[in-house]
Amino acid sequence: MRKLMDAVDLAPIVWRKSSRSGTNANCVEVAQTAATTAVRDSKNPDGPLLAFPVAAFAQALRTL
């Protein structure tokens, strides 16, 4: 995972929350580059994040 993050420049990405999260502070945010989907805790935007290849993240969503 760390190697993937080292290779991805996250500066130009835009984080977004689910429209269903409303004013609830307990949610995740996602951002996407051409090759990576990143996920972070909205309460801790400067904290750690997870990054997944786009296809793997899409597959995970399909299994929910």
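From the N terminus on, the elements of this chain run α-β-β-β-β-α. Displayed as a cartoon, the predicted model shows 2 helices and 4 strands.

**The whole chain**

Begin with all 64 residues selected, of which 25% are buried. A surface representation of the chain covers about 4800 Å² of accessible area, and carbon and sulfur atoms contribute 57% of that area. Among the contacts with a separation of 6 or more, 21% link residues 24 or more positions apart.

**The sheet**

Next, select the 4 strands together; they form an open sheet in the order 1-2-3-4, with antiparallel pairing. Strand 1 and strand 4 are the edge strands, each pairing on one side only. As a general matter, the strands of a sheet pair through backbone hydrogen bonds, in either a parallel or an antiparallel sense.

**Strand 1 against strand 2**

Select residues 16–17, which constitute strand 1. Strand 1 is joined to strand 2 by 2 bridges, and the two run antiparallel. To locate this pairing, pick Arg16, whose bridge partner in strand 2 is Val30.

**Strand 2 against strand 3**

Extend the selection to residues 28–32, that is, strand 2, which pairs with strand 3 in the antiparallel sense over 5 bridges. Strand 2 and strand 3 form a hairpin, with 3 residues between them. Two residue pairs help to trace the pairing: Gln32 stands opposite Thr37 of strand 3, and Val28 stands opposite Asp41 of strand 3.

**Strand 3 and its cover**

Now isolate residues 36–41. How many of the 6 residues of strand 3 are buried? The count is 5, so strand 3 is mostly covered, given that buried denotes under 20% relative accessible area.

**Strand 3 against strand 4**

Add residues 49–53, which make up strand 4; 5 bridges join strand 3 to strand 4, and the two strands run antiparallel. Here Ala38 is a suitable residue to select, with Ala51 of strand 4 as its bridge partner.

**The loop between strand 3 and strand 4**

Move to Ser42, located in the loop between strand 3 and strand 4. Is Ser42 buried or exposed? Ser42 has a relative accessible area of 15% and therefore counts as buried, the cut-off being under 20%. Show the side chain of Ser42 together with the backbone of Cys27: a polar atom of that side chain lies 2.9 Å from the backbone oxygen of Cys27.

**Helix 2 over the sheet**

Finally, select residues 54–62, which form helix 2. Which strands does helix 2 lie across? Helix 2 lies across strand 2, strand 3 and strand 4, and runs at about 100° to strand 4. With helix 2 and the strands shown together, the mostly covered strand 3 can be viewed among the strands that helix 2 crosses.

Notes
Residues are numbered from 1 along each chain as its sequence is written. This is a predicted model: local features need pLDDT of at least 70, side-chain atom pairs count only at pLDDT 80 or more; totals for chains, interfaces and linings use all residues. Side-chain values use heavy atoms; hydrogens and water are left out. Buried means under 20% relative accessible area, exposed over 50%, partly exposed in between (1.4 Å probe, protein chains only). Two strands pair if DSSP finds at least two bridges between them. Contact means heavy atoms within 4.5 Å. Axes are lines fitted to C-alpha atoms, for helices over the stretch in contact, and angles run from 0 to 180 degrees between N-to-C directions. A polar contact is a pair of N or O atoms within 3.5 Å; within protein, one must be able to donate a hydrogen and the other to accept it, and residues adjacent in sequence count only if both atoms are side-chain atoms. Accessible areas come from the Shrake-Rupley method with a 1.4 Å probe; for residues, only the protein chains shown count as cover.
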